[in-house]
Amino acid sequence: MSQAVQCESDGDARECVDVLIVGAGFAGLYAIYRMRELGLRVRCIEAADGVGGTWHWNRYPGARCDVESLDYSYSFSNDLQQEWTWSHRYAEQPEILAYLNHVADRFDLRQHIRFETRVTGMTFDEARAVWTVSTDAGPSIEARFCIMASGNLSAPRVPDFRGLERFRGEWHHSARWPREGVDFTGKRVALIGTGATGIQMLPKIAAQAGFVTVFQRTANFSVPAGNHPMPKEEDREHKARYPELRKAARKQSSGMSRVPIPTMSALDVPHEERLRIYERLWAKGGSNRMMNAFNDMMRNEEANESLASFVREKIRSMVKDPEIAEILTPRDHPIGSRRLCVDTNYYETFSRPNVKLVDARRTPIQEITEKGVRTTEADYEVDAIAFATGFDAMTGALNEISITGRGGMHLRDKWSAGPSTYLGLMVHGFPNMFIVTGPGSPSVKSNMVTAIEQHVEWISDCLAHLDRGGIATIEPRLDAEEKWVQHVNDVANSTLFPRANSWYVGANIPGKPHVFMPYVAGLPAYIKICEEVVAEGYRGFDFR
Ligand code: FAD
Ligand code: N01
């Protein structure tokens, strides 16, 4: 790179690089690879003691992806995709972690990563156009560019329950699960939270524990995964067609290659035929095909309700006790407006004699006692608590870092009423700082690996452009950012997504501003806009 950063010669042992990357998950690893391809000096800082991000941290029983592994994997290296074979339709956490370790070794990425180190602060020096990055261990770093690959679901949250410190048993959050696992044999376990994580955990814990009490505040919709070992034929066919399928994935809203693009409204189809379609998709398993059965599932209340009532009926048929079935049946949000969960025997598990459901909406958890969980109605004595209580999503990891941009502006202050970005990629006032799958991009509303690759490639093309032009900084203009935020809101408001209290709107964190954060026009529409912005000379960005 022509404009290599010059460290200040103040005598400290500061490290000096072109690009600083925060995080070594799917995004950080690919960012290291691409930036190194550009010939840049790269340093990646990772809080964990290994690579993998989400798949390093989330070691709870039952953890697996719900995007098919053939899609939930990198496309950037044909050799990699040919040599790796997935064992199942949806891989389990250890297999995805093994894959990411393989990627790190195969492309020799570890040499660039400083593990067990947390980025605590970042300050932009306007005069020198350099970021100074401080950490909780080791020297600080100076970098021209920062790439925030710090994750959307990487800041776990244990609710602020009174008394947790007094609890005499053991407790774990799903995203900080012990590496050696937890032996629940014969134990009484409280499982708090019934989102995607709790729904995956319950059948596994119930199969081992003496007794499980599940605390559900909001009932979620869930559909069967239909997981199975990967048929050899499917693997072979996919490998033969990978280039074409990866291209197809970027043309899909979902970022997945084999989810058909729906052309019909649910309301154009007679009731009986619609039910047959839903039955077929239910039997096949997976959430994305289900939500893409028709083109108006998230736009038309009646269309959405046709699927919601189908799934409610399924819940009633799978849960023996009608009262339990009723508590498990979601009635307060359109299906898909909260993350549609994917399970293996979740509903069936409530018919086991060692499982009890507590309606934590009707009788909220008041506190944790020495012996267990106290609700407004009863005390539940347990030996262990599993928290499946989610994350400070999308903004949590970024706001945990003290980020100071131009003119002493703090990112946390700028985002106090909700995040604002241009394209989900950059923020006005924070030059040369890129976010991978940031708020305002499709990110969590698509296959994340497809979204991550597209962002990292956009960033790497941008850095090459800056280098060719001898440009020191890039920063979005305020008006471009404001227009983008408005557009993201307008698109969301034309759908049923904002109708739910969910982590998409920050509703799970007390005091967090309610703003719908992902961009839901779909990946192809978003990619087209990103390409147009570049074709028009980086429309909306200032170069200095
Ligand atoms: P992460 O994998 O979250 O990596 C971020 C890394 O940054 C972490 O290792 C973290 O330690 C590090 N970090 C953060 N802050 C700092 C700091 N200040 N200093 C140093 N290091 C820091 N998405 C899908 O598309 N399909 C799925 O099936 C799917 N399943 C999921 C299952 C679970 C249980 C969870 C929690 C998420 C799932 N997701 C899924 C979303 C998943 O997060 C993404 O698919 C993807 O793994 C994100 O990769 P990433 O590199 O952007 O972020
Ligand atoms: O977290 P969540 P998650 N008292 O926020 C409850 C991805 N993921 O870890 O809904 C009682 O969805 C909370 O209740 P409520 C995926 O993107 C993917 O499950 O706020 N309960 C909720 O039930 C997913 O969406 C996969 O009323 C409390 C639960 O805790 C995202 O990660 C697997 C409470 C939190 O659910 C997050 O999922 C796993 C309280 N005080 C995760 N506070 C797959 O791909 C919170 N809750 C398969």
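## Close-up views of a predicted model

**View 1. Arg-374 and Asp-379 in a small antiparallel pairing.** Arg-374 stands opposite Asp-379 in β15. The model is predicted. Strand β14 (residues 372–375) runs antiparallel to β15, and 3 bridges join the two. Both strands belong to an open sheet of 3 strands, ordered β13-β14-β15, with antiparallel pairing. β13 (365–368) and β15 (379–381) are the edge strands, and each pairs on one side only. On average, neighbouring strands of this sheet are turned by 20° against each other, direction ignored.

**View 2. The open parallel sheet of 5 strands.** The strand order is β7-β16-β8-β9-β12, and the pairing is parallel. β7 (170–173) and β12 (355–359) stand at the edges. Each has a single partner strand, so one side of each is left without a neighbour in the sheet. From one strand to the next, the twist averages 15°. Look within the sheet at strand β8 (residues 188–192) and strand β16 (residues 384–387): 4 bridges join them, and they run parallel. One pair to find here is Leu-191 with its bridge partner in β16, Ala-386.

**View 3. Helix α5 on the parallel sheet.** Which strands does α5 lie across? They are β8, β9 (211–216), β12 and β16. The helix runs at about 170° to β8. An angle over 145 degrees counts as roughly antiparallel, so α5 and β8 are roughly antiparallel in direction. Helix α5 (residues 196–208) also takes part in the next view, where 4 of its residues belong to the shell around ligand 2.

**View 4. The surroundings of ligand 2.** The ligand is surrounded by 27 residues. Closest are Gly-193, Gly-195, Thr-197, Arg-217 and Gly-390. Which helix gives the most to this shell? Helix α5 does, with 4 residues. By class, the shell has 13 nonpolar, 11 polar and 3 charged residues.

**View 5. The surroundings of ligand 1.** Here the shell holds 37 residues, and Gly-23, Gly-25, Gly-53, Cys-65 and Gly-151 come nearest. Two or more residues come from each of α1 (26–37), α2 (54–57) and α15 (448–468). The largest share is that of α1, with 3 residues. The shell divides into 19 nonpolar, 14 polar and 4 charged residues.

**View 6. Helix α1 against helix α15.** Both helices give residues to the shell around ligand 1, and they also pack on each other. Their axes come within 10 Å and cross at roughly 30°. An angle under 35 degrees counts as roughly parallel, and α1 and α15 are therefore roughly parallel to each other. The crossing is right-handed. On the α1 side, the contact residues are Phe-26, Ala-27, Tyr-30, Ala-31, Arg-34 and Met-35. They meet Met-448, Val-449, Ile-452, Glu-453, Val-456, Glu-457 and Ser-460 in α15. The contact has 9 nonpolar, 1 polar and 3 charged residues.

**View 7. Helix α8 against helix α10.** Helix α8 (residues 271–284) and helix α10 (residues 301–318) have axes that come within 11 Å and cross at roughly 60°. Angles from 65 to 115 degrees count as roughly perpendicular and those under 35 as roughly parallel; α8 and α10 are therefore oblique to each other. This crossing is right-handed. From α8, the contact is made by Arg-274, Leu-275, Tyr-278 and Trp-282. From α10, the residues are Ser-306, Leu-307, Phe-310 and Lys-314. They divide into 5 nonpolar, 1 polar and 2 charged.

**View 8. Two hairpins that share strand β5.** Strand β4 (residues 119–125) and strand β5 (residues 130–135) pair in the antiparallel sense over 6 bridges. Thr-123 stands opposite Thr-132 in β5. The two strands form a hairpin with 4 residues between them. Which residue in that turn has a positive phi? Ala-129 does, at about 50°. β5 also pairs with strand β6 (residues 141–148), again in the antiparallel sense, over 3 bridges. The bridge partner of Trp-131 in β6 is Ala-143. The hairpin of β5 and β6 has 5 residues between the strands, and Gly-138 takes a positive phi near 85°.

Notes:
Residues are numbered from 1 along each chain as its sequence is written. Chains are lettered from A and ligands numbered from 1 in the order in which they are written. This is a predicted model: local features need pLDDT of at least 70, side-chain atom pairs count only at pLDDT 80 or more; totals for chains, interfaces and linings use all residues. A residue is near a molecule or strand if its C-beta atom, placed from the backbone, lies within 6 Å of it. Ala, Val, Leu, Ile, Met, Phe, Trp, Tyr, Cys and Pro count as nonpolar, Asp, Glu, Lys and Arg as charged, and the others, Gly among them, as polar. Two strands pair if DSSP finds at least two bridges between them. Axes are lines fitted to C-alpha atoms, for helices over the stretch in contact, and angles run from 0 to 180 degrees between N-to-C directions. Two residues are in contact if their C-beta atoms, placed from the backbone, lie within 7 Å. A crossing is left-handed if the near helix is turned anticlockwise from the far one by less than a right angle, and right-handed if clockwise.
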